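Let's take a walk through a protein fold together. Keep the picture open and follow along as we go.

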Amino acid sequence: SAEGEEKKAEAPVKLPEIVPPKTVESGTSAGEQNGSMPFGYPVPATEGVDGTRDPQVEAVLACVHGVFKAFSDSDTAAFSHFVDAECRFVRTGFTEDGVPDVTSYPKEYFLATLEKTKKGVLTETIEQPFVQMRDNLIAHVWCRYQLSVGGSPKYRGVKSLQLRNTPSGWKIVNVCDTVDS
C-alpha cells in the first residue's frame, strides 16, 4: 500500500561506523591521533626550523624527483623503478573550442617515448611540492610543473601524483595533470 511505502522511506539509514586507526605510526599528527583528521595530514615539503624534513617526506620526494630525472635522462629502467606497472597518466586541458579534453596514457606509452628520445630533450621540473601521507602507506603530492622540449617550455600546469609504499620503496601509481599553457 502507499501508506506502507511511505513508512519505509522514513526509516533511518544506518551508516557504518568509522573507526580511527588503532596504532599511531611515526610522523602521525596529533589530529590523526585523536581522530579529527581521518584522511592523512599535510606535510610541508620544506625544511623545518631545525633544517630537516620528515624522512618519509624525503623518500616520497626522492621517488618523484627520481622519475623526473629518469624522464629527462630517457632512462627506461629508472622510470620503471619509480613507476608502478599499473600506473595511469591522465592529462587534462581544453580544446581550442573550450571543450574539456581528458586523455589517459599507460606506463608503456611513456616507456616507448623514452626509448626513442635522446637524453636531455625532455625536461620536466616541479615547484612547490605539497605532500600528504597516511600511515606511511599512501602519499599524495601536489605540485606545479613545467615540461620543456629541447630546452623550450612546451606547457605548464598543476600535477597530482599518488604513491604507494612497497617493500622496494615508494612507487607512483597515478598521475593527473593540467595543461594550463
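Here is a tour of a helix, some strands, the core and a few charged pairs.

Some ground rules come before the tour. What you see is a predicted model, where local features need pLDDT of at least 70, side-chain atom pairs count only at pLDDT 80 or more, and totals for chains, interfaces and linings use all residues. Residues are numbered from 1 along each chain as its sequence is written, and side-chain values use heavy atoms, with hydrogens and water left out.

Let's start with helix 3, which covers residues 55-73. (Helices are DSSP runs of H or I with at least four residues, strands are runs of E with at least two, and both are numbered from the N terminus.) How far should the 19 residues of helix 3 span? The expected span is 1.5 Å times one less than the number of residues, so helix 3 should span 27 Å, and its end C-alpha atoms are 26 Å apart, which agrees. Right after helix 3 comes S74, with a positive phi near 55°.

Plenty of helix 3 is tucked away from the surface: its buried residues include V57, V60, L61, V64, F68 and F71. Buried means under 20% relative accessible area, exposed means over 50%, and partly exposed is in between, using a 1.4 Å probe and protein chains only.

That brings us to the largest nonpolar core, which has 33 residues. A nonpolar core is a set of buried Ala, Val, Leu, Ile, Met, Phe, Trp, Tyr and Cys residues joined through side-chain atoms within 4.5 Å. Which element gives the most to this core? Helix 3 does, with 9 residues. V60, F79, F89, L163 and I172 have the most contacts inside the core. Take L163: leaving out residues up to four places away in sequence, L163 touches V60, C63 and V64, as well as I172 and V173, among others. Contact here means heavy atoms within 4.5 Å.

Now for the strands. Strand 5 (residues 138-149) and strand 6 (residues 152-166) pair in the antiparallel sense over 12 bridges; two strands pair if DSSP finds at least two bridges between them. One of these links joins S148 to P153 in strand 6. The two strands form a hairpin with 2 residues between them, and G150 in the turn has a positive phi of about 60°. Strand 6 also pairs with strand 7 (residues 169-178), again antiparallel, over 8 bridges. Here Q162 stands opposite N174, and strands 6 and 7 form a hairpin with 2 residues between them.

Last stop: charges. Side chains of opposite charge can pair when their charged atoms come close. How many salt bridges does a search of the whole structure find? There are 6, where a salt bridge is a side-chain nitrogen of Lys or Arg within 4 Å of a carboxyl oxygen of Asp or Glu. In one of them, D177 meets R91, with the closest N and O atoms 3.5 Å apart. D177 lies in strand 7 and R91 in strand 2, so the pair ties together parts that are 86 residues apart in sequence. D177 is buried at 4% relative accessible area, while R91 is partly exposed at 22%.

Another salt bridge joins E124 and K159, at 2.8 Å from N to O. E124 is in strand 4 and K159 is in strand 6, so this pair ties together parts 35 residues apart in sequence. Both E124 and K159 are buried. Put these four side chains together and you get a picture to remember: R91, E124, K159 and D177 are linked in a network of salt bridges.
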